[in-house]
Amino acid sequence: MEETKERKIVVAVDESEESMEALSWSLDNLFPYGSNNTLILLYVKPPLSVYSSIDAAGFIVTGDPVAALKKYEHELVESVMARSRTVYQDFESDINIERRVGRGDAKEVIRNVVQKLKADMLVIGTHDYGFFKRALLGSVSEYCAKRVKCPVIIVKKKNPQNN
């Protein structure tokens, strides 16, 4: 029996239903029973903003806003990874799972991590924004499709009407 090459498959996850849909699709389509593939869950935290202890009105803010922000983002990472776990925990095959967390502009961090890990594939969900919203906000999936060196699969959220 021929041994298959281990593939590293990065799935970008965040708080959205679209990213969980991409993870679910990946498990169903890219991880056959007995596969040697490694699933790398990648969550990107936004860059930390610089805060002053004086607010816009000139009042001194009580407490430590940076500590509160760090606590919130830690809880957010844990929440996203827990949601991911609920998607993959009942998966029938034993698969290798790595969790990675980056910080910065999502599209750049995803591109850099995929390159650094020499990933074989990137799977990413799409919010399917319209033209104007995409023009204003940019599209992480579109950016990655154009700039990432490995194959990129963009998973659209299932339309409940079309299933």
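Me: Which residues of H5 do Ala-106, Lys-107, Glu-108, Ile-110 and Arg-111 in H3 meet?
Reply: This is a predicted model, with local features needing pLDDT of at least 70 and side-chain atom pairs 80 or more, while totals for chains, interfaces and linings use all residues. Residues are numbered from 1 along each chain as its sequence is written, and side-chain values use heavy atoms, without hydrogens or water. Contact means heavy atoms within 4.5 Å. On the H5 side, the residues met are Val-140, Tyr-143, Cys-144 and Arg-147.

Me: How many residues of the contact of H3 with H5 are charged?
Reply: Asp, Glu, Lys and Arg count as charged; Ala, Val, Leu, Ile, Met, Phe, Trp, Tyr, Cys and Pro as nonpolar; the others, Gly among them, as polar. The contact has 5 nonpolar residues and no polar ones. The charged count is 4.

Me: At what angle do helix H3 and helix H5 pack?
Reply: Axes are lines fitted to C-alpha atoms over the stretch in contact, and angles run from 0 to 180 degrees between N-to-C directions. H3 spans residues 106–117 and H5 residues 140–147, with axes 9 Å apart. Their angle is about 35°.

Me: Over the face of which residue does Lys-107 lie?
Reply: A charge sits over a ring if NZ of Lys or CZ of Arg is within 6 Å of the ring centre and within 35 degrees of the ring normal. Lys-107 lies at 5.5 Å from the ring centre. The ring belongs to Tyr-143.

Me: What share of the 163 residues of the protein chain counts as buried?
Reply: Buried means under 20% relative accessible area (1.4 Å probe, protein chains only). For this chain the share is 34%.

Conventions. Helix = DSSP H or I, 4+ residues; strand = E, 2+ residues; numbered from the N terminus. Buried < 20%, exposed > 50% of the residue type's maximum accessible area, 1.4 Å probe, protein only.
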